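Got your viewer open? Load the model below and keep the selection panel handy.

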Amino acid sequence: MKNIVLFGPPGAGKGTQSEKLIEKYNFTHLATGDLFRMHLSEGTELGKQAQKYMNEGHLVPDEVVIDMVDAKINSTENSAGFIFDGFPRTVPQAEALDRLLDKKGTPITLMLMLDVPEPELINRISERGKTSGRADDQNIEKIRTRIRVYEKETLPVAEYYNNTGKLNKIYGVGNIDEIFNRLCEAIDSTL
Ligand code: AMP
């Protein structure tokens with residue numbers, strides 16, 4: 001069982017690459033943004049709580065995210081491992097994830113950090129906004145806010161994994177298959 005954190009700024013390709021990784025390795029996809037959007041579309045209490053933060057491009061409070069992840073991990077059986085996409089986004093979330101996985105006896109194997117320059121991120125998100133229907137993809141100010149939030153609140157998570165030797169930077173520019181191959185090489189090089 002391998003547990004992977006797929007890390008990187010908004011627009012780095014985490015969702016696209018997760019889909020391919022799941023197909024190849026049978027991982028369970030745990031994408032907190034997708035889970036929140038599901039709650040939003042179903043009009044749940046959790047969705048209502050998350051909505052205002054998401055609309056502004058800010059982070060949903062840690063306890064809300066952590067409880068949702070806890071529930072998802074605990075309701076998943078017989079998994080080949082998780083691919084965490086868009087989570088953890090703060091150091092307290094990373095610490096909580098370690099505690100949750102400790103209880104299961106399956107730690108994080110590897111953190112893959114997709115490295116993409118900012119102009120490319122803005123282009124990709126703006127393109128995605130034409131078809132994704134996501135309000136937070138369609139406004140340049142909100143896109144910039146999300147990138148700033150990533151730099152300020154989420155980047156320290158990279159240092160957290162670097163301290164345990166789990167950080168692996170992957171160049172995230174190129175065609176989708178090239179980037180996928182880089183990710184697979186890193187995954188296959190772990191036991
Ligand atoms: P994403 O689909 O990963 O880009 O996430 C969309 C939005 O959902 C983010 O801008 C946040 O408002 C919220 N969100 C998703 N994951 C998290 C997380 N791990 N912590 C806090 N907020 C999150």
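Here is a walk from the ligand outwards.

First, some housekeeping: this is a predicted model, where local features need pLDDT of at least 70, side-chain atom pairs count only at pLDDT 80 or more, and totals for chains, interfaces and linings use all residues. Residues are numbered from 1 along each chain as its sequence is written, and side-chain values use heavy atoms, with hydrogens and water left out.

**Stop 1: the ligand.** Select the ligand and its shell (residues with a heavy atom within 4 Å of it). You should get 16 residues, the closest being Thr32, Arg37, His58, Gly86 and Gln93. Colour them by class and they split into 6 nonpolar, 5 polar and 5 charged; Gly goes with the polar ones here. Now show helix H2, residues 32-42, which gives the most to this shell, with 4 residues. Helices are DSSP runs of H or I with at least four residues, strands are E runs of at least two, and both are numbered from the N terminus.

**Stop 2: polar contacts.** Look for N or O pairs within 3.5 Å. A backbone N or O atom of Val60 is 3.0 Å from a ligand nitrogen. Gln93 puts a polar side-chain atom 3.0 Å from a nitrogen of the ligand, while Arg134 has a polar side-chain atom 3.2 Å from a ligand oxygen. The protein covers 95% of the 480 Å² of accessible area that the ligand has on its own (Shrake-Rupley, 1.4 Å probe).

**Stop 3: a salt bridge.** Select Lys20 and Asp177, whose side chains form a salt bridge at 2.9 Å, N to O. This pair links distant parts of the chain, 157 residues apart: Lys20 is in helix H1 (residues 14-25) and Asp177 in helix H9 (residues 176-188). With the cut-off at 4 Å from a Lys or Arg side-chain nitrogen to an Asp or Glu carboxyl oxygen, the count comes to 12 salt bridges.

**Stop 4: backbone oddities.** Go to Phe87 and Pro88: the peptide bond between them is cis, with omega near 0°. Pro88 is in the loop between strand S3 (82-85) and helix H5 (91-104). Finish at Asn26, a non-glycine residue with a positive phi, near 65°, in the loop between H1 and strand S2 (28-31).

Notes
A polar contact is a pair of N or O atoms within 3.5 Å; within protein, one must be able to donate a hydrogen and the other to accept it, and residues adjacent in sequence count only if both atoms are side-chain atoms.
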